[in-house]
Amino acid sequence: MKNRCDLIVIGGGPAGASCAERAARLGLSVALLERARFPRPKPCAAGISVRAMPVLGELPGELVHARPGIGEIVLSNDTELIWRGGVPAVLTTTRAELDLHLLDRARRAGAHVVEGAAARIRDATGSCVVEAGGDRWSAPWIVAADGAAGGSRAALGIDPLRVAGAVYVRVLLDASRLESHHNRAIFDLRAVRSGYGWVFPKRDHLSVGVYQRRPVGRRLRAALTGFLREWGFGDDPLEGPFASPVPLRAGPFGSERVLLAGDAAGLADPITGEGIPHAVESGRAAAECVASALASGEDALADYRNGIRRGALSRVNEFRFLGRLVYAVGSEFIGRVLMTPVMRGLAGRIAPSFSTNTCEELHVRRTGARRSR
């Protein structure tokens, strides 16, 4: 077969691009097959968290829209948790820009990238075969990184993912109002039950949305409408809404000679909905396991499963218990507890432990009646 290589990667998002880049740098011949043509729009809040920054490394300055130095968690109508300084709460960008950057890195590393070619797995056994754009590709291993709604899971006979949902809009403000939001990221736990709302500054708009541990539906869209009103954006021009599924449970991580990475493997934080760092980490791990298997003849899938459980999956589950507790008891109760003198003092003493990583100041404040933003 003419299109023969060491590894076929399906999907050019963060998981697929990171996999292809790492595999190429390890000396493998790689074909990355992507159904879209980049840059392409991709629904995502695109807030790069403190956890994701070390995984991605330093991003080019032109990719970063804002580095808000103030983080604000709204717990109830009169209680907020504020942190300032140190590493920004999030870096903001867009997935169109970030994904193009990661795909270009894969190209520069030597991966063969085919865009505009929807891939279908035809054989997942000894000599894997994938059809894409009228061509057939063959390789000993496949990494499927085609997202939560991709076709690879179904092709392998794996059940669909159980998903949560996020829905957001772009709020188009004049320059002065946009500037007033430029240095803070807001997380509002009142916005929706078992979830939260966010306000992230971008270069020319705000990303305002809600995430909940249930699929996108009328209730979530209604919650977004209420959230926009609460923060004073009800009458502003909007683009959207945009919606995206978020996996709630990880696994399985592959079948036969196919490894699943990123959202296709369910690797997203079920509490926050964050998926970018887990996608990048799992894509790189998949490439390393395939390279090792080709060199030794061992089973890449077995090694990958073990590595994911020790690595990306452990970090996906890192805050699962705490998040479920907060969602179960409610943020208003958490706010009342934090407003007690003992807990307010504890917050001030905790701050120095964050100073080298996330903040220089951490405190709880009583806001009184909510005001229009």
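**Exercise 1. Give the strand order of the four-stranded sheet and name its edges.**

Solution. The open sheet of 4 strands runs β1-β11-β10-β9, with mixed pairing. Its edge strands are β1 (3–4) and β9 (119–123), and each pairs on one side only. Two strands pair if DSSP finds at least two bridges between them. Helices (H or I, at least four residues) and strands (E, at least two) are DSSP runs, numbered from the N terminus.

Next, take one pair from this sheet. β10 (residues 128–132) and β11 (residues 135–139) are antiparallel partners over 5 bridges. Ala132 stands opposite Asp135 in β11.

The model is predicted: local features need pLDDT of at least 70, side-chain atom pairs count only at pLDDT 80 or more, and totals for chains, interfaces and linings use all residues. Residues are numbered from 1 along each chain as its sequence is written, and side-chain values use heavy atoms, with hydrogens and water left out.

**Exercise 2. Describe how α1 packs against α3.**

Solution. Start with the geometry. Helix α1 (residues 14–25) and helix α3 (residues 95–109) pack at an angle of about 20 degrees, and their axes lie 8 Å apart. Axes are lines fitted to C-alpha atoms, for helices over the stretch in contact, and angles run from 0 to 180 degrees between N-to-C directions.

Now classify the angle. α1 and α3 are therefore roughly parallel to each other. The cut-offs are under 35 degrees for roughly parallel, over 145 for roughly antiparallel, 65 to 115 for roughly perpendicular, and oblique for the rest.

Then list the contacts, meaning heavy atoms within 4.5 Å. From α1 come Pro14, Ala17, Ala20, Glu21, Ala24 and Arg25; they meet Arg95, Asp99, Leu102, Leu103, Arg105, Ala106 and Ala109 in α3. The residues of this contact divide into 8 nonpolar, no polar and 5 charged. Here Ala, Val, Leu, Ile, Met, Phe, Trp, Tyr, Cys and Pro count as nonpolar, Asp, Glu, Lys and Arg as charged, and the others, Gly among them, as polar.

**Exercise 3. Lay out the six-stranded sheet and place the helices that pack on it.**

Solution. First, the order. This open sheet of 6 strands reads β8-β3-β2-β12-β19-β18, and its pairing is mixed. β8 (112–115) and β18 (254–255) stand at the edges with a single partner strand each, so one side of each has no neighbour in the sheet.

Second, a pair inside it. β12 (residues 141–144) and β19 (residues 258–260) pair in the parallel sense over 3 bridges. Ala144 stands opposite Leu260 in β19.

Third, the helices. α8 (residues 300–310) packs on the sheet and touches β12, β18 and β19; its direction makes about 15 degrees with that of β19. α7 (residues 276–296) lies across β2 (7–10), β12 and β19, running at about 175 degrees to β12.

**Exercise 4. Is β15 buried or exposed? Trace its partners as well.**

Solution. Begin with burial, where buried means under 20% relative accessible area, exposed over 50%, and partly exposed in between (1.4 Å probe, protein chains only). In β15 (residues 195–201), 7 of the 7 residues are buried, so the strand is largely enclosed by the rest of the structure.

Sort the side chains next. In a regular strand the side chains alternate between the two faces of the sheet. Gly195, Gly197, Val199 and Pro201 point one way from β15; Tyr196, Trp198 and Phe200 point the other way, and all are buried.

Follow the pairing. β14 (residues 184–188) joins β15 in the antiparallel sense over 3 bridges. Asp188 has Gly197 as its bridge partner in β15. The hairpin of β14 and β15 has 6 residues between the strands, and Ser194 there takes a positive phi near 55 degrees. β16 (residues 206–212) runs antiparallel to β15, joined by 7 bridges. A hairpin of 4 residues links β15 to β16. Val199 stands opposite Val208 in β16.

Extend the chain of pairs. β13 is joined to β16 by 7 bridges, again antiparallel. β13 (residues 163–171) is mostly covered, with 7 of its 9 residues buried. β13 also pairs antiparallel with β17 (residues 238–247) over 8 bridges.

**Exercise 5. Locate Tyr327 and list its contacts beyond its sequence neighbours.**

Solution. Tyr327 sits in helix α10 (residues 320–329). At 12% relative accessibility, Tyr327 counts as buried. Leaving aside neighbours within four places in sequence, Tyr327 is in contact with Ser194, Gly195, Tyr196, Arg213 and Ile271. The C-alpha atoms of Tyr327 and Leu189 are separated by 8.8 Å, with their positions 138 residues apart along the chain.
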